[in-house]
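Open the model in a viewer and keep the sequence panel in sight. The stops below go from one selection to the next.

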Amino acid sequence: MTDLRPAEVTSILKKEIEGYQGETDMQSVGTVLSVGDGVARVYGLDDCMMNELVEFPGGVRGVALNLEEDNVGCVLLGDATKVKEGDTVKSTGRIISVPTGDKLLGRVVNALGDPIDGRGPLGVTEDDYLPIEQPAPSVVERQPVDQPVQTGIKAIDAMIPIGRGQRELIIGDRQTGKSALLIDTIINQKRTGGGDPSNPEQVICIYVAVGQKQSTVVDVVQRLESHGAMAYTIVVSASAIDEASMQYLACYAGCTMGERFRDAGRHVVIMYDDLYKQALAYRQVMLLLRRPPGREAFPGDVFNLHSRLLERAAKLADDAPKVNPRYQAGGGTLTALPVVETQEGDVSAYIPTNVISITDGQIFLESNLFNSGIRPAVNAGISVSRVGGAAQIPAMKKIAGGMRLELAQYRELAAFAQFGSDLDKATQQVLRRGERLVEILKQPQYVPVDVADQIMMIYAGTSGALDALPPEKVPAFEGELRQYMADNHPEIGDEIRSTGKFSDEAKDVVKQAVEAVLPQFSA
């Protein structure tokens, strides 16, 4: 053991002291006055901002929502039992932000962007974090919607088309197939870029699950993985077990993730499933913060909660980067498909009417139709798209134009024909055609149909070629016709997909194909 020389120790200490540079760090800290029901009141955070992230002991985070004279009302985003009266609270100086970018594709994250799929960290940098509240594009930064989002669902693509940059509400009672419709749409986006997220044509999908059972979210993820759709999808989950604050913030987090892609010129479809549960979570948080209740005990700004979110869906103008340097490229789109659950089909309740007035149309799913075997249970009479034909390829616009009217006439006459009186030939013809159109629009779950196949089948129905075919044989006929066209005339489908047009020559080929396949199914 060597002897320690005091002189050496002294010289080393002198050197260290001379080289020491003291760095002072100023932090805004406060004290928890009270905590309960996931809400903490904090004293001393004088320079706290609205929506600022604050840190409590034990790694619990919170967001400042009520800025009052003598205290700040914070909603806790974690285990409230770890926070107690007298704890020290630190402000972060950062508005609540979430990670964005390619690293999130194929992942399941919570409302704060933390991965919850057990596949390790996301590997994002500090630059990838963006605030969950961002201003919506202004009027000059937008352009009209003119490209379709193909859902793969015949009833929607033909009669209630959705455009890229549109906001289309999916509304109906529970168990009418709302979420199934969204999953079909995600699966169908694989056709846009082959499921490769690096392909600029590939539509990116974001599914925000609010207040759902965790088992339901697991089922959705497994379904998407089995169809190869998870590669271009982000799932944001704030399940029923999560805090109300996480449930209400999840939609904004998903929207920010989508905006990152949109601002880079990409196409994104975001699904909020569902906004009624988000409104309930928001109501709970606001009542705990002692904000005054209004209609149905919802706070006065519940309309603003949804309009602030849905206004961010847009089709960016091609010259948007010149107007605002925030955008790296023009022409990107963010399409919103919010879901609202109704009670007993009551679309005139508070939240449904709010969201109907914010969106550009609604797809109404009806329990009666669903229970009578018409699935997807789309009520073509009440459903509407305010973008309409602008969001359809010319071929679909031409072929499906009169379909809605024919179905409406059929529904009206079908109700009248129940009384069993003698019907004239014209009425019988409307009923016969309508029956077959209803059968054509039925399709099984998780089997989206390519737009070219849709057009050929709808043409066969609206041209009257199937009027003699027994209605129950329509699904089998459709499968056979598709197979026949794929084997013998694949160029027709390619032509429709590449040009968007359905020429007279193509119609003749389809007519001949129908005539060739029909004899197998004659009554």
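A nonpolar core is a set of buried Ala, Val, Leu, Ile, Met, Phe, Trp, Tyr and Cys residues joined through side-chain atoms within 4.5 Å. Buried, in turn, means under 20% relative accessible area. The model on screen is a predicted one.

**Stop 1: the cores**

Select Ile363, Ile455, Leu466, Phe477, Ile492 and Phe502. They have the most contacts inside the largest nonpolar core, which has 77 residues. Now add helix H15, residues 451-462: with 8 residues, H15 supplies the largest share of this core.

Next, centre on Phe477 and show what surrounds this side chain. Leaving aside residues up to four places away in sequence, Phe477 touches Met457, Leu466, Leu469, Val514, Val517, Leu518 and Phe521. Another core, of 61 residues, lies apart from the one just shown; select Val63, Val208, Leu275 and Val302, which are among its members.

**Stop 2: helices H15 and H18**

Keep H15 selected and add helix H18, residues 504-517. The two helices pack at an angle of about 70°, and their axes are 10 Å apart. An angle from 65 to 115 degrees counts as roughly perpendicular, so H15 is roughly perpendicular to H18.

For the contact itself, show Met456, Tyr459 and Ala460 on the H15 side, with Lys507, Val510, Lys511 and Val514 facing them from H18. Sorted by type, the residues of this contact are 5 nonpolar, no polar and 2 charged.

**Stop 3: helices H16 and H17**

Move to helix H16 (residues 474-488) and helix H17 (residues 490-499). Their axes come within 5 Å and cross at roughly 95°; H16 and H17 are therefore roughly perpendicular to each other. From H16, select Met485, Ala486, Asp487 and Asn488; from H17, select Pro490, Glu491 and Ile492, which they meet. The residues of this contact comprise 4 nonpolar, 1 polar and 2 charged.

**Stop 4: the barrel**

Switch to the strands. In what order do the strands of the closed barrel run? The order is S1-S2-S5-S4-S3-S6, a closed barrel of 6 strands with antiparallel pairing. On average, and ignoring direction, neighbouring strands of this sheet are turned by 45° against each other.

Begin with strand S1, residues 29-36, which is joined to S2 by 5 bridges in an antiparallel arrangement. The hairpin of S1 and S2 has 2 residues between the strands, and Asp37 in this hairpin takes a positive phi near 55°.

Strand S2, residues 39-43, is mostly covered, with 4 of its 5 residues buried. Select Ala40 in S2: opposite this residue stands Val35, while in S5 the bridge partner of Ala40 is Cys74. S2 and strand S5 (residues 72-76) run antiparallel and are joined by 4 bridges.

Follow Cys74 onward, and Ala64 stands opposite this residue of S5. Strand S4 (residues 61-67) and S5 pair in the antiparallel sense, over 5 bridges.

**Stop 5: Lys398**

Finish at helix H12, residues 394-400, and pick out Lys398. Is Lys398 buried or exposed? Relative accessibility over 50% counts as exposed, and Lys398, at 57%, is therefore exposed. For a last distance, pick the C-alpha atoms of Lys398 and Val108: they are separated by 41 Å, and the two residues are 290 residues apart along the chain.

Technical notes:
Residues are numbered from 1 along each chain as its sequence is written. This is a predicted model: local features need pLDDT of at least 70, side-chain atom pairs count only at pLDDT 80 or more; totals for chains, interfaces and linings use all residues. Side-chain values use heavy atoms; hydrogens and water are left out. Buried means under 20% relative accessible area, exposed over 50%, partly exposed in between (1.4 Å probe, protein chains only). Contact means heavy atoms within 4.5 Å. Two strands pair if DSSP finds at least two bridges between them. Axes are lines fitted to C-alpha atoms, for helices over the stretch in contact, and angles run from 0 to 180 degrees between N-to-C directions. Angles under 35 degrees count as roughly parallel, over 145 as roughly antiparallel, 65 to 115 as roughly perpendicular and the rest as oblique. Ala, Val, Leu, Ile, Met, Phe, Trp, Tyr, Cys and Pro count as nonpolar, Asp, Glu, Lys and Arg as charged, and the others, Gly among them, as polar.
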